[in-house]
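Student: I should like to look closely at one part of this model and at how its side chains are placed. Please begin with a single point of detail and then take the wider surroundings in turn.

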Amino acid sequence: MSIGIKTYGAFVPQLRMAKAAIADAHAWALPNLKSLARGERALCSWDEDAITMAVQASRECLGAYPAPRPAGLQFASTTAPFADLQNAAIVSGALRLPAQMPCQDVSGSTRAGLTALAQTLQYGGAEDRLVVASDRRHARPGSTQELTYGAGAAAFLTGEGDVLARYLGAQSISLAFVDHFRESGERYDYFGEERWIRDEGVLRLVPKVVGTLLNRLGIAADGVAWFALTGVPGGSDKLAAKALGIAPERVVPNLGDTVGDTGTAHALLLLASALEQGKAGDVVVVAAFGLGCEALAFEISDGGRRPASGLAATLAMRRAETSYGKMLSFAGELRLDWGPRSEVQIKAALTQQYRTADQILAFVGGRCAACGQVQFPRLPTCVSCAASEPLTPFPLADQPAQVATLSADWLQYYPAPPLYVGLIQFDAGARLLMEIVDVPAGAIDVGAPVRFAFRLKAHDELRHYTRYFWKAIPVLSRGTANSRA
């Protein structure tokens, strides 16, 4: 039986900012940024972060199976919200995975996503396991990273049996070659000189590691159909491929002009891209550079299950953002004076959060055993027949629903005004007042279908604690920004 990738999921935020607009904002002082102003980069809205993107990518991944029950979850990120709180456990809770399932955070390097996948495939055994990588990278305004960084997430379900890509092997090296770093508590990365990183680091280490892997597997350079390399200066992937004897047309496009560098997620996003473009029998080699190098090899098979909407679909669902000020505000780089209405206490009741964890994190309502009424939240008695029997848990995150009432509030404080709220009517019977997000101008009305996404609800600036909940998103026609299922 083969061990490998059974399916995958990818997520890139809808908001895209033209790099030219970023460069223009700094043209008065930093005209050199014009040389980087090609294409666009993905950016998170104010209520998206590494955890919310990881949940979305994982839902896409696990949605390919009717009742997935992975035996473990690894969450890789260098920008996870919490330093001393297991981020992977929040992801697991939002996905309604078993509480007994081991969870682990993986960090310390932008190659952590590929490292987590390698370790899972090498030591995870035959059981299904979920590996997800996600990063919302922060860049100092006016830096080159502001134009080259992006945001995104990718998730892979590994296991034995019917696989989408058969795992062939891995090779790694760990050396104290510091190309960039960020001290604990700091917000921005510090980079070394690009030419030195490329010539002394990438072009010496990557061909050595990948070449050793290919030699051990008995695969010639011309037998590699897809080659991806992340964590390196622009153009270094093609130079490394040339040093290995791999044709330039076999290098997977690095998404630099459509998404930007997504850190730990980037190697997995490029692997997803190769799986979507390749055919059965193709050999895929993906490598990540960072304090050494990690390289994995796969052979695409005709088995496994593909996600309902993969990387190409999430890239197509874009919404242009033209305001540089909004980009800075969403990223926390610009603190606006929102006035007294924003001065609210939002301390989380951790006791209540624990008691209702499945309702808050996993969006699980209840169904009355007596009359069948579905409701949220789960109350001691049924809202329809007043029966006092405990309600049966009823997950709502994937249930079809429509907007029943709608209001756009410009008076209440909201980081991206106006605040859209409305009653959401579920086909299953529940009705719930919810926040509605990702609303293009004039693109929603009563009766519009909605889907649901796990998002940041509020951030306690005093105690530095982030709360999450589910929000409604309009489902628009194909080709409109947020029409993803």
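Over the ring of which residue does the charged end of Arg137 sit, and at what distance from its centre? After that, please concentrate on the loop between S16 and S17, where Pro377 has its place.

Tutor: The charged end of Arg137 sits over the ring of Tyr149, 3.8 Å from the ring centre. A charge counts as sitting over a ring if NZ of Lys or CZ of Arg is within 6 Å of the ring centre and within 35 degrees of the ring normal. Another such placement is that of Arg305, which lies over the face of Tyr65 at 4.6 Å from the ring centre.

The model is predicted: local features need pLDDT of at least 70 and side-chain atom pairs count only at pLDDT 80 or more, while totals for chains, interfaces and linings use all residues. Residues are numbered from 1 along each chain as its sequence is written, and side-chain values use heavy atoms, with hydrogens and water left out.

The loop that you name runs between strand S16 (374-375) and strand S17 (392-395), and Phe376 lies in it. Helices (H or I, at least four residues) and strands (E, at least two) are DSSP runs, numbered from the N terminus. From Phe376 to Pro377 the peptide bond is cis, with omega near 0°. Most residues other than glycine have a negative phi, and most peptide bonds are trans. A second cis bond joins Pro417 and Pro418, with omega about 5°; Pro418 is found in the loop between strand S19 (407-409) and strand S20 (419-426).

Phe376 also has an aromatic partner. The structure holds 17 aromatic pairs, a pair being rings of Phe, Tyr and Trp (its six-membered ring) whose centres lie within 6.5 Å; planes under 30 degrees apart count as stacked, over 60 as edge-to-face and the rest as tilted. In one of these pairs, the ring centres of Phe376 and Phe469 are 6.0 Å apart and the planes stand at 40°, so the pair is tilted. Since Phe376 belongs to the loop and Phe469 to strand S23 (residues 465-474), the pair ties together parts that are 93 residues apart in sequence. Both Phe376 and Phe469 are buried, that is, under 20% relative accessible area, where exposed means over 50% and partly exposed in between (1.4 Å probe, protein chains only). Phe376 and Phe469 belong to one aromatic cluster, together with Phe363, Phe426, Phe452, Phe454, Tyr468 and Trp470.

Arg378 is found in the loop between S16 and S17 as well, but with a relative accessible area of 23% Arg378 is partly exposed. Its side chain makes a polar contact of 2.9 Å with the side chain of Asp358. A polar contact is a pair of N or O atoms within 3.5 Å; within protein, one must be able to donate a hydrogen and the other to accept it, and residues adjacent in sequence count only if both atoms are side-chain atoms. A polar atom of the Arg378 side chain also lies 3.3 Å from the backbone oxygen of Gly365. With neighbours within four places in sequence left aside, Arg378 is in contact with Asp358, Gln359, Val364, Gly365, Gly366 and Leu391, contact meaning heavy atoms within 4.5 Å. Arg378 and Phe11, 367 residues apart along the chain, have their C-alpha atoms separated by 31 Å.

Cys382 is buried, at 4% relative accessibility. Its sulfur is 3.6 Å from the closest cysteine sulfur, in Cys371, too far for a bond. A disulfide here is a pair of cysteine sulfur atoms within 2.5 Å, and a search of the whole structure finds 0 of them.

To return to Arg305: its backbone oxygen is reached at 2.6 Å by the side chain of Thr7. Thr7 is found in strand S1 (residues 3-11) and is buried, with a relative accessible area of 0%. Not counting residues up to four places away in sequence, Thr7 touches several residues, among them Tyr65, Arg305 and Arg306. Thus Tyr65, over whose face Arg305 lies, is also touched by Thr7.
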